[in-house]
Amino acid sequence: MFQDAHIHIQDLKNDSQITRFLEEARAHEVGCFYGCAITPADWDMVESLSLRYAGFIPFFGIHPWFADIAPSGWEERLRGLLERYPLACVGETGLDKTRKNIDMEDQKNILACHLRMARDYHRPFALHSVRAWAEAIALIKEHAPGVPFIAHSFYAAPPILGEVLDLGGYASFSTKQLMRPDEALKELVKAAPIDRILIETDFPYQIKWTSPEDYIEALKAAYAMAADIKGVPLDEFIRVIRHNGRFLASQALPRQGTT
Ligand SMILES: [Zn+2]
């Protein structure tokens, strides 16, 4: 069974399209989705999808592109969701230096807050880091060392991969990256231990999608390309990646003894 370690299906907006999409994907052996919210405006939808579809794991958070418009009270609401859903995770969160209009201090404060919640509730988190690895790693070390996380659309210098792995991270490679992998990406895929790799689409972003069929085809092609780069038979690769996803999700534990 295939899984998609990073998807924003709620951004299709249209409920019947979303239903058709998820059912079609499931019929084609895509059985697990890490559904990442982007802003609190998405949280209700992500929550409802997680209740309607087995295999849809909700991630609640604020994407760094929206760090400047985080509504007041979001922290309480996020805590409430993490308490209500013991399997819910944190994210998408992170830092993005290419978004010069979003104040870096706002981004860091919001990431730090997400990290503390991931630590306190012991939930994996989905991390977006673009040209900000030094800062992101420093914040993880400070606020959530040892909490497993997904480095989404991972692309960084090889020493950063070592740090991500040491901190408990998984390298998630996207369909877009794997469609035309450059040498640096191939080296990263080769260097990442197979038990720390995930595959994602970031749907509906990164690629122009027109139908669920496009999506399914692209996700499967990404698995095939990554397996090829790793030099591992495709069946085995699919099995290991699924295991990785299950193991990561099983790290979500209800908060214990907080009094
Ligand atoms: Zn994303």
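Q: What makes both faces of strand β7 count as buried in this predicted model?
A: G169, A171 and F173 point one way from β7, while Y170, S172 and S174 point the other way, and all are buried. Burial requires 20 or more other C-beta atoms within 10 Å of the residue's own, so 6 of the 6 residues of β7 satisfy that cut-off.

Q: How do you know that β6 and β7 pair?
A: Pairing requires at least two bridges. Strand β6 (residues 149–151) and β7 have 3 bridges in the parallel sense, and therefore they qualify as paired. One of the bridge partners is A171 in β7, which is matched with A151.

Q: Why is the connection from β6 to β7 called right-handed?
A: The chain passes from β6 through helix α6 (residues 158–166) to β7. This β-α-β crossover is called right-handed because, with the strands pointing away from the viewer, the path over the helix runs clockwise.

Q: What makes β7 and β8 a pair?
A: β7 and strand β8 (residues 197–200) share 4 parallel bridges, against a requirement of at least two. F173 has I199 in β8 as its bridge partner.

Q: Why are the buried residues of α2 said to lie on the same side?
A: In α2 (residues 40–52), D42, W43, V46, L49 and S50 are buried. They cover an arc of only 135° around the axis, which puts them on the same side of the helix. What covers them includes β2 (30–36), β3 (56–60) and α3 (74–84).

Q: What makes A41, D44, L51 and R52 exposed?
A: An exposed residue has 12 or fewer other C-beta atoms within 10 Å; these residues, on the other side of α2, fall in that class.

How values were computed
Residues numbered from 1 in each chain as written. Predicted model: local features only at pLDDT ≥ 70, side-chain atom pairs only at ≥ 80, totals over all residues. Helix = DSSP H or I, 4+ residues; strand = E, 2+ residues; numbered from the N terminus. Expected span 1.5 Å × (residues − 1). Arc of directions from axis to C-beta. Contact = placed C-beta atoms within 7 Å.
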